[in-house]
Amino acid sequence: MNFSRADWVEFLRRMGKNLFRDAWYPTVAIGIAQALISPESSLFDCLATAAVLLAFITTAAMFCFAVSWGISLGSDD
């Protein structure tokens with residue numbers, strides 16, 4: 001299955017949009033899981049872990065948007 005440039009641009013744009021929109025699900029889940037598994041962790045530990053995860057997810061979303069934008073700049077179609 002061959003993807004055209006337009007298909008890659010749309011795929012990466014949608015992936016970035018979905019990562020931004022759904023980033024809070026794993027962030028909350030990891031924060032709650034850490035609170036349940038590690039009783040000695042404080043609220044700030046759980047929030048710090050969730051913030052780092054949120055930063056990684058939003059960085060991945062911005063990377064998808066940047067690659068999509070870069071591909072669309074060089075588009076011939």
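**Exercise 1. Aspartate 22 and the salt bridges**

Task: Determine whether aspartate 22 is buried, partly exposed or exposed, and state which residue its side chain meets in a salt bridge.

Solution.
Step 1. Aspartate 22 has a relative accessible area of 30%. Buried means under 20% relative accessible area, exposed means over 50%, and partly exposed lies in between, with a 1.4 Å probe and protein chains only. Aspartate 22 is therefore partly exposed.
Step 2. The side chain of aspartate 22 meets that of arginine 21 in a salt bridge, at 3.6 Å from N to O. A salt bridge is a side-chain nitrogen of Lys or Arg within 4 Å of a carboxyl oxygen of Asp or Glu.
Step 3. As a general principle, side chains of opposite charge can pair when their charged atoms come close.

The model is predicted: local features need pLDDT of at least 70, side-chain atom pairs count only at pLDDT 80 or more, and totals for chains, interfaces and linings use all residues. Residues are numbered from 1 along each chain as its sequence is written, and side-chain values use heavy atoms, with hydrogens and water left out.

**Exercise 2. The network in helix H1**

Task: State how many salt bridges a search of the whole structure finds, and which residues are joined into one network by salt bridges that share partners.

Solution.
Step 1. The search of the whole structure yields 3 salt bridges.
Step 2. Glutamate 10 pairs with arginine 13 in a salt bridge whose closest N and O atoms are 2.8 Å apart. Both residues belong to helix H1 and are 3 residues apart, about one turn of the helix. Helices (H or I, at least four residues) are DSSP runs, numbered from the N terminus.
Step 3. Glutamate 10 is partly exposed, at 27% relative accessible area, and arginine 13 is partly exposed as well, at 32%.
Step 4. Arginine 14 also forms a salt bridge with glutamate 10, with the closest N and O atoms 2.6 Å apart. Arginine 14 and glutamate 10 are 4 residues apart in helix H1, so about one helical turn separates them.
Step 5. Through shared partners, the salt bridges join Glu10, Arg13 and Arg14 into one network.

**Exercise 3. The buried side of helix H1**

Task: Compare the reach of helix H1 with its expected span, and identify which side of H1 holds Val9, Leu12 and Gly16.

Solution.
Step 1. Helix H1 covers residues 5–21 and has 17 residues. Its reach from first C-alpha to last is 24 Å, close to the 24 Å expected at 1.5 Å a residue. The expected span is 1.5 Å times one less than the number of residues.
Step 2. Val9, Leu12 and Gly16 are buried in H1. They cover an arc of only 75° around the axis, which means that they lie on the same side of H1. The arc is that of the directions from the helix axis to the C-beta atoms.

**Exercise 4. The cysteines**

Task: State how many disulfides a search of the whole structure finds, and decide whether cysteine 46 is buried or exposed.

Solution.
Step 1. A disulfide is a covalent bond between the sulfur atoms of two cysteines. The criterion is a pair of cysteine sulfur atoms within 2.5 Å.
Step 2. The search of the whole structure finds 0 disulfides.
Step 3. Cysteine 46 has a relative accessible area of 9% and is buried. Cysteine 64 is likewise buried, at 7%.

**Exercise 5. Positions in helix H3**

Task: Determine how far apart in space leucine 73 and alanine 48 are, C-alpha to C-alpha, and whether leucine 73 is buried or exposed.

Solution.
Step 1. Leucine 73 lies in helix H3, and its relative accessible area of 57% makes it exposed.
Step 2. Leucine 73 and alanine 48 are 25 residues apart in sequence and 37 Å apart in space, C-alpha to C-alpha.
Step 3. Leucine 53 is also found in helix H3 and is partly exposed at 23% relative accessible area. Its C-alpha atom is separated by 23 Å from that of serine 68, 15 residues apart along the chain.
Step 4. Alanine 66, another residue of helix H3, counts as partly exposed at 43% relative accessibility.

Conventions:
Helix = DSSP H or I, 4+ residues; strand = E, 2+ residues; numbered from the N terminus.
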